[in-house]
Amino acid sequence: MSLEGVARRAGVNKTTVYRRWGTREALLLDAIRARATAEVPIPDTGDLREDLLALVRTAIANLATVEVQAMVRVAVALSPHDDAVAATSRAFWTERLAVDGEVVRRAVERGEIAPVDPERVIEAVLGPPYFRLLVTGRPVTDEFLVATVDLVVDGLRR
């Protein structure tokens with residue numbers, strides 16, 4: 001992934017891309033932010049379980065696309081060897097977990113669950129399907145997503 005390659009595929013001069021983003025990491029972060037915002041809206045059904053199900057379903061549908069898998073795989077592959085890519089990935093996930101955590105904060109405010117770290121809840125819900133899809137290659141079925149969310153929600157409600 002290079003700014004020159006992106007400019008070539010977009011049919012624009014590389015100075016246009018450099019002027020807008022400056023680095024491939026800035027371009028990557030902007031691309032994944034824009035995609036996540038457009039494709040994975042934050043649900044507000046009034047019920048934690050339903051919100052988490054809606055969130056994980058849209059997140060995994062987004063992740064299952066070729067372009068998002070490519071971005072995630074590039075970030076994962078380069079992060080251990082490239083501090084800038086690692087920082088970009090951390091920045092995205094810090095932001096996104098905070099945004100997604102809104103469903104947990106609302107559930108706490110409604111009294112559905114006791115106060116809890118929203119980031120950990122989102123990681124507990126998204127981690128298993130991400131692992132399944134990206135690491136093991138096993139199918140991520142709706143039944144798997146429901147079982148994962150139910151396990152997390154049941155634990156929170158105890």
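**Reading exposure, helices and a pocket**

Visitor: What is the relative accessible area of A54, and how is that value read?

Guide: With a 1.4 Å probe and protein chains only, under 20% relative accessible area is buried, over 50% is exposed, and anything in between is partly exposed. A54 has 28%, so this residue is partly exposed. The model is predicted: local features need pLDDT of at least 70 and side-chain atom pairs count only at pLDDT 80 or more, while totals for chains, interfaces and linings use all residues. Residues are numbered from 1 along each chain as its sequence is written, and side-chain values use heavy atoms, without hydrogens and water.

Visitor: Which helix holds A54?

Guide: Helices are DSSP runs (H or I, at least four residues), numbered from the N terminus. A54 lies in α4, residues 48-63.

Visitor: Is T88 buried or exposed?

Guide: T88 is buried, because its relative accessible area is 8%. T88 sits in helix α6. Leaving out residues up to four places away in sequence, T88 touches E25 and L29; contact means heavy atoms within 4.5 Å.

Visitor: What is the volume of the largest pocket?

Guide: A pocket is an open set of points on a 1 Å grid over the protein atoms alone, where a 1.4 Å probe fits, with protein on both sides within 12 Å along at least five of seven lines; lining residues have an atom within 4 Å of a point. Volume is the space filled by probe spheres set on the points. The largest pocket has about 440 Å³. Its lining has 23 residues, and L63, V72, F92, W93 and Y130 are the closest to its centre.

Visitor: Which helix gives the most to that lining?

Guide: α6, with six residues.

Terms used:
Helix = DSSP H or I, 4+ residues; strand = E, 2+ residues; numbered from the N terminus.
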